[in-house]
Amino acid sequence: MRTNLDDPRFTAVGLFAEAYTGLTTRFAAQFEQHHLSPVEFEVLMRLARSPGQRLRMTDLAGQTSLSTSGVTRVVDRMDRDGLVRREACPSDRRSSYAVITEPGLDRLDEVLPGHLELVQQWFIGQLEPDQLNQMLEALRIVRDAVNPCATAGSTGADVEAFTAPRQ
């Protein structure tokens, strides 16, 4: 007996992948204008939004699309470019922190207005507030199941920010 290729599970995963790919493609072109790769943007955002604007390297790997060795390579490159720096962990000599620098924050300040316009145009603006709320709740459930290390910085306040009236 053959697998049912019309199974709605294929549709669900396929639509998610197609939407994600479409968004990341649009975002990547804008990042390139600012001499950032998508993964470098992801690292800067994670660090900027973390307490003390720092994360242990292992936590940064858990919160990004990178392996531990991948995080090391990206952070080393970004350190050479002055966007982040490494700091030793005082309580564990085997660990180190990645910390965003002032030039890293400046680069984010350059990128974020255009990025937020794209997010609004191609993602948030495509959905009604109730649709967005439901989708964010559903994505958190899935994210927490498949990537429990990625929960730093997730709060219900995100939804309110999207649905609050504009001034």
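## A tour of the salt bridges

Begin by selecting Asp59 and Arg56 in this predicted model, where the two side chains meet in a salt bridge with an N to O distance of 3.5 Å. With the surface displayed, Asp59 proves to be partly exposed, its relative accessible area being 31%, and Arg56 likewise counts as partly exposed, at 32% relative accessibility.

Select Asp144 and Arg143 next, whose side chains form a salt bridge at 2.6 Å, N to O. Asp144 is partly exposed, with a relative accessible area of 35%, while Arg143 is partly exposed with a relative accessible area of 21%. From there, add Arg54, Arg85 and Glu87 to the selection, since these residues belong to one network, joined by salt bridges that share partners.

Now turn to Glu40 and Arg77, and show both side chains, which meet in a salt bridge of 3.0 Å, N to O. Colouring by secondary structure helps here, for the pair links distant parts of the chain: Glu40 lies in helix H2, residues 38-48, and Arg77 lies in helix H4, residues 68-80, with their positions 37 residues apart in the numbering. Is Glu40 buried or exposed? Glu40 counts as buried because its relative accessibility is 7%, which falls under the 20% cut-off. Arg77, by contrast, has a relative accessible area of 31% and is therefore partly exposed.

To finish, widen the view to the whole structure, which holds seven salt bridges, among them the pairs Asp59 and Arg56, Asp144 and Arg143, and Glu40 and Arg77.

Notes:
Residues are numbered from 1 along each chain as its sequence is written. This is a predicted model: local features need pLDDT of at least 70, side-chain atom pairs count only at pLDDT 80 or more; totals for chains, interfaces and linings use all residues. Side-chain values use heavy atoms; hydrogens and water are left out. A salt bridge is a side-chain nitrogen of Lys or Arg within 4 Å of a carboxyl oxygen of Asp or Glu. Helices (H or I, at least four residues) and strands (E, at least two) are DSSP runs, numbered from the N terminus. Buried means under 20% relative accessible area, exposed over 50%, partly exposed in between (1.4 Å probe, protein chains only).
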